[in-house]
Amino acid sequence: MHIEIISTPIRFQLHGLSLEVRNNQFGEVGMKLMNEMWKVIKGSNTANTGINHWVYLPDGRMFVGVELLPDAVVPKQLESIEFELNRYLKHVHIGPYQNLPAKWAALKTEIAERNETIGSPSLEIYGHHGDDAAKLETTILIGLK
């Protein structure tokens, strides 16, 4: 498994929706938020990058958003979030989304073996969806302390 520890800060400015996640139902909550967000984005013809960002926040909250293009008007139904990861682990998962929970478990084990500490937030960045699940790419960024 190829991972990188990156110390060059990366900044995100996203627009979307958030919700508290109960009983570790991240997939279900993420899909609900993503579907609601895209309904708003498409309904308002808001110019965007088309890339989904699932952000895992402290206190069991999750934010699902997208980057808007520079001149886009933010629909009032959407929340905004801005954050920076100063130091983080980066891994590109190639394969079905259903394999992501196992990948996260392996990454957390790797982080512990390297005596690193997970910070916040962490996120998944999804490329454009394709028909071949074996070729799907999801970039995982895990904030480190």
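**A walk through an eight-stranded sheet**

Let's start in the middle: β3 and β4 pair in the antiparallel sense, with four bridges between them. In this pairing, His53 sits opposite Gly65 of β4. The two strands make a hairpin with four residues between them, and Asp59 in the turn has a positive phi of about 60 degrees. Keep in mind as you look around that this is a predicted model.

Now follow β3 across to its other partner. β3 and β7 are also antiparallel, joined over five bridges, and there Tyr56 has Ser122 of β7 as its bridge partner. How many residues of β3 are buried? Five of the five, so the strand is largely enclosed by the rest of the structure. Side chains in a regular strand alternate between the two faces of the sheet. In β3, Asn52, Trp54 and Tyr56 point one way, while His53 and Val55 point the other way.

Step back and the whole sheet comes into view. It is an open sheet of eight strands in the order β1-β6-β8-β7-β3-β4-β2-β5, with antiparallel pairing. The edges belong to β1 (4–6) and β5 (79–85); each has a single partner strand, so one side of each is left without a neighbour in the sheet. From one strand to the next, the twist averages 30 degrees.

Over at the β5 edge, seven bridges tie that strand to β2 (residues 10–20), and the two run antiparallel. One bridge to look for has Gly16 partnered with Glu79 in β5. Two helices pack on the sheet as well. Helix α1 (residues 26–43) touches β2, β3 (52–56) and β4 (61–66), and its direction makes about 35 degrees with that of β4. Helix α2 (residues 100–113) touches β3, β6 (88–94), β7 (118–126) and β8 (137–144), with a direction about 35 degrees from that of β8.

While you're at β2, have a look at Leu14, which is in this strand. Is Leu14 buried or exposed? Its relative accessible area is 0%, so Leu14 counts as buried. Beyond its neighbours within four places in sequence, Leu14 is in contact with several residues, among them His53 and Val55, Phe63 and Val66, and Ile81 and Phe83.

Next, the largest pocket, which has a volume of about 810 Å³. Of its 29 lining residues, Trp54, Tyr56, Leu100, Glu124 and Tyr126 are the closest to its centre. Which elements supply at least two residues of the lining each? α1, β3, α2 and β7 do, and β7 gives the most, with seven residues. By residue type, the lining divides into 15 nonpolar, 11 polar and three charged.

Finally, a few backbone details. Most residues other than glycine have a negative phi, and most peptide bonds are trans. Against that background, the peptide bond from Ser120 to Pro121 is cis, with omega near -5 degrees, and Pro121 is in strand β7. Asn23, in the loop between β2 and α1, has a positive phi, near 55 degrees. At 72% relative accessibility, Asn23 is exposed. Asn45, in the loop between α1 and β3, also has a positive phi, near 55 degrees. With a relative accessibility of 70%, Asn45 counts as exposed.

Definitions and conventions
Residues numbered from 1 in each chain as written. Predicted model: local features only at pLDDT ≥ 70, side-chain atom pairs only at ≥ 80, totals over all residues. Heavy atoms only, no water. Pairing = 2+ DSSP bridges. Axes fitted to C-alpha atoms, helices over the stretch in contact; angles between N-to-C directions. Contact = heavy atoms within 4.5 Å. 1 Å grid on protein atoms, 1.4 Å probe; cavity = no way out; pocket = protein on both sides within 12 Å on 5 of 7 lines; lining within 4 Å. Points joined across faces, edges and corners; volume = space filled by probe spheres on them. Nonpolar A, V, L, I, M, F, W, Y, C, P; charged D, E, K, R; others polar. Buried < 20%, exposed > 50% of the residue type's maximum accessible area, 1.4 Å probe, protein only.
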